[in-house]
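Me: I am new to this structure and should like to understand its salt bridges. Please take me through them step by step.

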Amino acid sequence: MSGTHLDSSALEKLIAAAVAAPSMHNTQPWRFRLDTDSTTVEIHADAGRGLPHEDLHGRALHIAAGAALFNLRVAVIHFGWKPVTRLLPDPRHPGLLASVHITGRTSPRTLHGDDLHEAIRHRHSSRFPFGDRPVPVSVRHELAEAAQAEGATLAVTGPSETARLLRITTEAERRNHADPARSGESRRWSSHDGGEDTGIPSAALRPQDTFEQLPMRDVSARRSLEQLPARPCERTPALAPLSTGHDRRTDRLRAGQALEYVLLVATARGLRTSLLHQALDGAVPQGDQY
């Protein structure tokens, strides 16, 4: 990169960082376009990789795109440039979710430390049992500050709220599993072992909780729950819901950026993370709100 010109090598590195973001079932529902005249990278929704049954309202798609956007911002800063970000920049093109105008020299420490760029390639969702060692209070504060910096709120739940969220998520997982369209869609994106970049490889599928306390998503969507492998999971899971004040498209994109900031900070601090998304895309019991 020289001046404000992006050569193919630099662009490849930026996009490689962006696509390392998490997405539901690892569908990677995005496309990137470079406007060479303005040195702007655009992020577009890829409807062909959407999940019309499990993500009916596109919430997960927008969150994933927001996470990719955050990674792109971190990578731009890492290489010494300043990202100027716009969400939903063109009302005439609803599939255009965000744009990042790359301009000016800046210090890599201006917004995010170099440790976050390094964390991008190490971050991944863990689908295996966690230990019971508590997260240090100082790290909890750091994670909450990361979410707040992107316009979201993150707070570790207490025992009663944890139990309520697990109950809601368990019911949502049960309903997802019982829905033929949703379970079929899940199966189509699991066990992708043919060298594909998208989908979930069988080696990453998590066993169910022997204690039946943690409602882990059965992405294989097997018809018989009794056939699923099981292992003892943590008795006291640390749950930290991330929320925004509203549920507009821009809020979902901000939530995705906040989520990825939190996940990268957690990775940089040596923590493993797992996502319980069923309560957002599955029906929840009446009287409960998430």
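**Salt bridges in the predicted model**

Reply: In this predicted model, the side chains of Arg164 and Glu161 meet in a salt bridge, with N and O 3.0 Å apart.

Me: In which helix do Arg164 and Glu161 both lie?

Reply: Arg164 and Glu161 are three residues apart, about one turn of the helix. Arg164 is partly exposed, at 22% relative accessible area, and Glu161 is partly exposed at 29%. The helix that holds both is α5, residues 159–178.

Me: Is Glu171 buried or partly exposed?

Reply: Glu171 forms a salt bridge with Arg174, the closest N and O atoms being 2.7 Å apart. Arg174 has a relative accessibility of 49% and counts as partly exposed. Buried means under 20%. At 17%, Glu171 is therefore buried.

Me: Which residues are joined into one network by salt bridges that share partners?

Reply: Salt bridges with shared partners make one network. Its members are Arg59, Asp247 and Arg252.

Me: How many residues apart in sequence are the parts that Glu260 and Arg123 tie together?

Reply: Glu260 and Arg123 form a salt bridge, their closest N and O atoms lying 3.9 Å apart. Glu260 belongs to helix α7 (residues 249–268), whereas Arg123 is in the loop between α3 (114–122) and α4 (137–149). Glu260 is buried at 0% relative accessibility, and Arg123 is buried at 9%. The pair therefore ties together parts whose separation in sequence is 137 residues.

Me: How many salt bridges does the structure hold?

Reply: The pairs discussed include Arg174 with Glu171 and Glu260 with Arg123. For the structure, the number of salt bridges is 13.

Conventions
Residues are numbered from 1 along each chain as its sequence is written. This is a predicted model: local features need pLDDT of at least 70, side-chain atom pairs count only at pLDDT 80 or more; totals for chains, interfaces and linings use all residues. Side-chain values use heavy atoms; hydrogens and water are left out. A salt bridge is a side-chain nitrogen of Lys or Arg within 4 Å of a carboxyl oxygen of Asp or Glu. Helices (H or I, at least four residues) and strands (E, at least two) are DSSP runs, numbered from the N terminus. Buried means under 20% relative accessible area, exposed over 50%, partly exposed in between (1.4 Å probe, protein chains only).
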